[in-house]
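This report describes selected features of one molecular structure, beginning with a side-chain contact and then turning to a sheet and a pair of helices. Please consult the sequence and the model shown below while reading.

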Amino acid sequence: MRPVVGELRLSAFGPHRGLALPLAPVTFLTGPSGSGKSHVLAAHEALAALAAGATLEAAFPDPAARVPDRAPVDAQGRRGFRIGCTVDGPAGPVRLDLAVQAEPALRIVGERLTANGETLLGTALRDPGRRSVQAAWLTGGSAAVTRAPFPDDRLGTALIPLRVAGATPGQRRVLAAAEQVVVALRSVFACDPEPERMRAPAVHGEGRLLRDCANLADVLRRTRHECTTRHTLLARAAQAACAGRVHGLDVLTSCDRSGPVTAALDRGPGQPATALGRLGSGELRFLALALVLLTGPGVLAMDPAAELLSARQALTVLADGFDRGLDRRQNAELLRLALLAGGRGHVRLLAAVGEEAAAAAREAPGAAVVDLGHDRHARDEQRTARDR
């Protein structure tokens, strides 16, 4: 079993008061503006950054923006939010829950890692004057738990492998659960193609796709020589979604390896090629997103977990405005590619889309569509009824 995030939980995070969001291999978020689609993606990306060892400040550069506007402060003038997830994998369902203080100072005030109802790791803020939390994790030897201070700006689950030797069955359960969570969360790539940055020739580099996909031409150079099967699949996808006849994807490089790299659509024998810079914005976004769905961590600018072989990991792609600028035909082809990748278990997709793309996904077996606006309204009505 590949470790995957099966559920996200957000509480007092943006517009979400208590959201438990199940995640399928292909999950689309829809709803009106302000329903919290971007907040869900931001929470997932922040958890991924923390699992990779980032500080809390790097994961939440503007933490106050994540706290609901009307959230009151407590007696000490503090406000914050809670996020968490459940990771399914060989160790069974493992829950990670995180309480974050956003004001007056950004810090983790509580973390809990649990499996089968048993707390494997817990942290709590004991002394607000110190920049640390008290951590306790299962030992299972002569002492039931081990206690030690952890920094209050990093994820304890990502730090625990540095503190635990795995000498007892309890410690090994802690390590297995922490590894499963870290592997699933780190295997994330957030993608938001920017067509205007993709039109210019790319610099000859490592051929790893950036978040904005500005170096698409250089990545196509690499896939053409190293991943011919996937490059051919991408060319076939372009035939279904780009205007005019598409015979293939061509790449031109200068004799100097440090020179620019350009890419173009091959229009067939006797026909002039069409450079990427002359394609429409929708065509460029389609090519970039299709490439992400057809490749893997080795072709993306990300640092996957080294605890497991890449073949035993599932990449999760996060995309806000997945259907932005795309026509119906391009959306249909991307949906097909996403379901194909999700069905194989190699790539998962969590994306925010408009209602037209959501309606098409509702008709596709294997795709899950969550209407945050409708679900949020129903939850608010339930709370109001209970309050009354």
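Which side chain does the side chain of D212 join in a polar contact? The partner is R197, at 2.7 Å; a polar contact is a pair of N or O atoms within 3.5 Å, where, within protein, one must be able to donate a hydrogen and the other to accept it, and residues adjacent in sequence count only if both atoms are side-chain atoms.

The model is predicted, with local features requiring pLDDT of at least 70 and side-chain atom pairs counting only at pLDDT 80 or more, while totals for chains, interfaces and linings use all residues. Residues are numbered from 1 along each chain as its sequence is written, and side-chain values use heavy atoms, with hydrogens and water left out.

**Two loop residues**

D212 is located in the loop between β11 (202–203) and α6 (216–226). Helices (H or I, at least four residues) and strands (E, at least two) are DSSP runs, numbered from the N terminus. D212 counts as buried because its relative accessibility is 14%; buried means under 20% relative accessible area, exposed over 50%, and partly exposed in between (1.4 Å probe, protein chains only). Not counting residues up to four places away in sequence, D212 touches D192, P193, E194, R197 and M198, contact meaning heavy atoms within 4.5 Å.

G277 lies in another loop, between β14 (274–275) and α8. With 31% relative accessibility, G277 counts as partly exposed. Its C-alpha atom is separated by 7.2 Å from that of M198, although the two residues are 79 apart along the chain.

**The sheet**

Strands of a sheet pair through backbone hydrogen bonds, either parallel or antiparallel. Here, eight strands form an open sheet in the order β2-β1-β4-β5-β6-β7-β8-β9, with antiparallel pairing; two strands pair if DSSP finds at least two bridges between them. At the edges stand β2 (19–22) and β9 (145–151), each with a single partner strand, so one side of each has no neighbour in the sheet. On average, neighbouring strands are turned by 15 degrees against each other, direction ignored. Axes are lines fitted to C-alpha atoms, for helices over the stretch in contact, and angles run from 0 to 180 degrees between N-to-C directions.

Three of the antiparallel pairings are listed with one bridge from each.

| Strands | Bridges | One bridge pair |
|---|---|---|
| β1 (residues 4–11) and β4 (residues 79–88) | Seven | R9 and G84 |
| β5 and β6 | Eight | V100 and I108 |
| β6 and β7 (residues 118–124) | Six | E111 and T123 |

β5 and β6 form a hairpin with three residues between them. In the hairpin of β6 and β7, two residues separate the strands, and N116 takes a positive phi near 55 degrees. Strand β6 (residues 107–115) is largely enclosed by the rest of the structure, because seven of its nine residues are buried.

**Helix packing**

The axes of helix α7 (residues 228–241) and helix α8 (residues 281–294) come within 10 Å and cross at roughly 140 degrees. On the α7 side, the contact is made by R230, L233, L234, A237, A238 and A241, and on the α8 side by F286, L287, A290, L291 and L294. By class, this contact has 10 nonpolar, no polar and one charged residues; Ala, Val, Leu, Ile, Met, Phe, Trp, Tyr, Cys and Pro count as nonpolar, Asp, Glu, Lys and Arg as charged, and the others, Gly among them, as polar.
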